[in-house]
Every structure is written in C-alpha cells, then in structure tokens.
Amino acid sequence: MKPIYFVTSRQHKFEEARRIIPNLEQLDLDISEIQELDFKKVLEAKLREARKHHSGALVVDDAGIHIKCIAGLPGPLTKWFLQSLGPGGLADLVHRYDDHRASSVGYVAYSSSDGDLQYFEGIVEGTVVSPRGKGGFGFDPIFLPDGYDITFAEMTPEEKNKISHRGLAFRKLAEYLVHSK
C-alpha cells in the first residue's frame, strides 16, 4: 500500500490520524495558513503550498470550534483566538452570555497523487466549560461533548479519538480510501 502523507508539524494530530489510517506518513512542512472563515479555502491553500514541496497523495486538516453566542466564531480562526485569549479566556468570553453551546468541527482534505480532491467533515456538538483536564490540545480543555461529563482534555487519547471531530473526519477518509481502490 502506497503511503499517504499527512502534512502536519503536530505529532499529536499525526498520532490521532495514524490510529485510524495506519499507512499515513507524517510530512512535517512549515506551510503558511491563510486567514479565512471557509475551512475548504484554508485546506485548498494548504494543499497548494504542500504540492510545491511534495508529490504523492496528501492529507491536510483544519479544526475549530464554532460558538453559538459569538456568531459561530472563532471557527477556522480558533488557533489565533486561543493564542490571544488562551482556553480560559475564550471560556470566560463565552460565559458572559447565556448560551454556551458549541460545535467542534474538523475538516480533512485528501488529494490523490493525480490531484483528485475530496473533503471529509466531522462535527461534535457540545458546550463550552471552564478549562478542565491536562490532555489534548487547543480547545480540548473547554469543550464538553454532548452526552459526556468530561472534556476532550480529560479523555484518554483513545476515548477522544473515538468521538472527536478529527476522528470522525479521518474515519470518513478511511472509508473513502477503502471504497476507492
């Protein structure tokens, strides 16, 4: 089976994805990320940049949290919100409002070696809470998925991968790869 290159510098992301798709190889490229509210445009730009450095089948991802009380922000801008506010600051902002509902969204884009492009989405509904837990990364300490009493950051990597936005999107990609052979 030919390798598929997951373009990410984050080892934890790679490990989550490789548990689902064993023939993934990490391709650690420092590529720029455009600022855009459309996940697909962000992913297309990442793939264009990655193609300048590598051929073959490529995968890129992006994730964010859409918070209802602040008009769906930060979405694809989550990384920068967290860099400015931190998870606690983002939770404090949300808790100024009555509605703490949020959607954890992950997108994966797959580009075959011949350039065929496919998108896969994973969405988990939940609530923003004050930071809890030491695991995970990003907004994991403040995201409490519906039906659970622990945040993503309080879950083991295996528990999180079973239900997370990224896990859902990568399982859809895995299904696509099986059926596209």
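A residue counts as buried when its relative accessible area is under 20%, a cut-off that is used in the legends below, all of which show a predicted model.

**Figure 1. Asn-161, a buried residue in helix 4.** Asn-161 has its place in helix 4, which covers residues 157-163. Because its relative accessible area is 6%, Asn-161 counts as buried. When neighbours within four places in sequence are left aside, Asn-161 is in contact with Glu-16, Arg-19, Ile-20, Gly-167 and Arg-171. One of these partners, Gly-167, is itself among the buried residues of helix 5.

**Figure 2. Glu-15, a partly exposed residue in helix 1.** Glu-15 is found in helix 1, which is made up of residues 11-20. Its relative accessibility is 37%, and Glu-15 therefore counts as partly exposed, since that class lies between the limits of 20% for buried and 50% for exposed. Gln-26 stands 11 residues away from Glu-15 along the chain, and the C-alpha atoms of the two residues are separated by 9.1 Å.

**Figure 3. Leu-90 and its contacts in helix 3.** Helix 3 comprises residues 78-94, and Leu-90 is found within it. With a relative accessible area of 0%, Leu-90 is buried. Not counting residues up to four places away in sequence, Leu-90 touches Ile-65, Ile-67, Pro-74, Phe-81, Leu-82, Leu-85 and Ile-142. Leu-43 offers another reference point for the viewer, as Leu-90 and Leu-43 are 47 residues apart in sequence and 24 Å apart in space, taken from C-alpha to C-alpha.

**Figure 4. The cis peptide bond at Pro-74, and Ala-71 in the loop before strand 4.** Leu-73 and Pro-74 are joined by a cis peptide bond, for which omega is about 0°. Pro-74 belongs to strand 4, a strand of residues 74-75, and Pro-74 is also one of the residues that Leu-90 touches. Ala-71 lies in the loop between strand 3 (58-67) and strand 4. The phi angle of Ala-71 is near 60°, which is a positive value in a residue other than glycine. Ala-71 is exposed, because its relative accessible area is 73% and the exposed class begins over 50%.

**Figure 5. Helix 5, its span and its buried residues.** Helix 5 consists of 15 residues, numbered 165-179, and at 1.5 Å a residue these should span 21 Å; the C-alpha atoms at its ends are 22 Å apart, so the model agrees with the expected span. The buried residues in helix 5 are His-165, Arg-166, Gly-167, Ala-169, Phe-170, Leu-173, Ala-174 and Leu-177.

**Figure 6. The setting of the close-up views within the whole chain.** The chain contains five helices and seven strands, and, when it is read along the sequence, these elements follow the pattern β-α-β-α-β-β-α-β-β-β-α-α. For 181 residues, a compact globule would have a radius of gyration near 16 Å, and the chain agrees with this, because its own value is 16 Å. Along the principal axes, the C-alpha atoms fill a box of roughly 50 × 30 × 25 Å. Of the 181 residues, 47% count as buried, and the accessible surface of the chain comes to about 9,000 Å², with 50% of that area belonging to carbon and sulfur atoms. Among contacts between residues at least 6 apart in sequence, 54% join residues that are at least 24 apart.

Key. Residues numbered from 1 in each chain as written. Predicted model: local features only at pLDDT ≥ 70, side-chain atom pairs only at ≥ 80, totals over all residues. Heavy atoms only, no water. Helix = DSSP H or I, 4+ residues; strand = E, 2+ residues; numbered from the N terminus. Expected span 1.5 Å × (residues − 1). Buried < 20%, exposed > 50% of the residue type's maximum accessible area, 1.4 Å probe, protein only. Rg over C-alpha atoms; globule rule 2.2 N^0.38 Å. Contact = heavy atoms within 4.5 Å. Areas by Shrake-Rupley, 256 points an atom, 1.4 Å probe, with all protein chains shown as cover.
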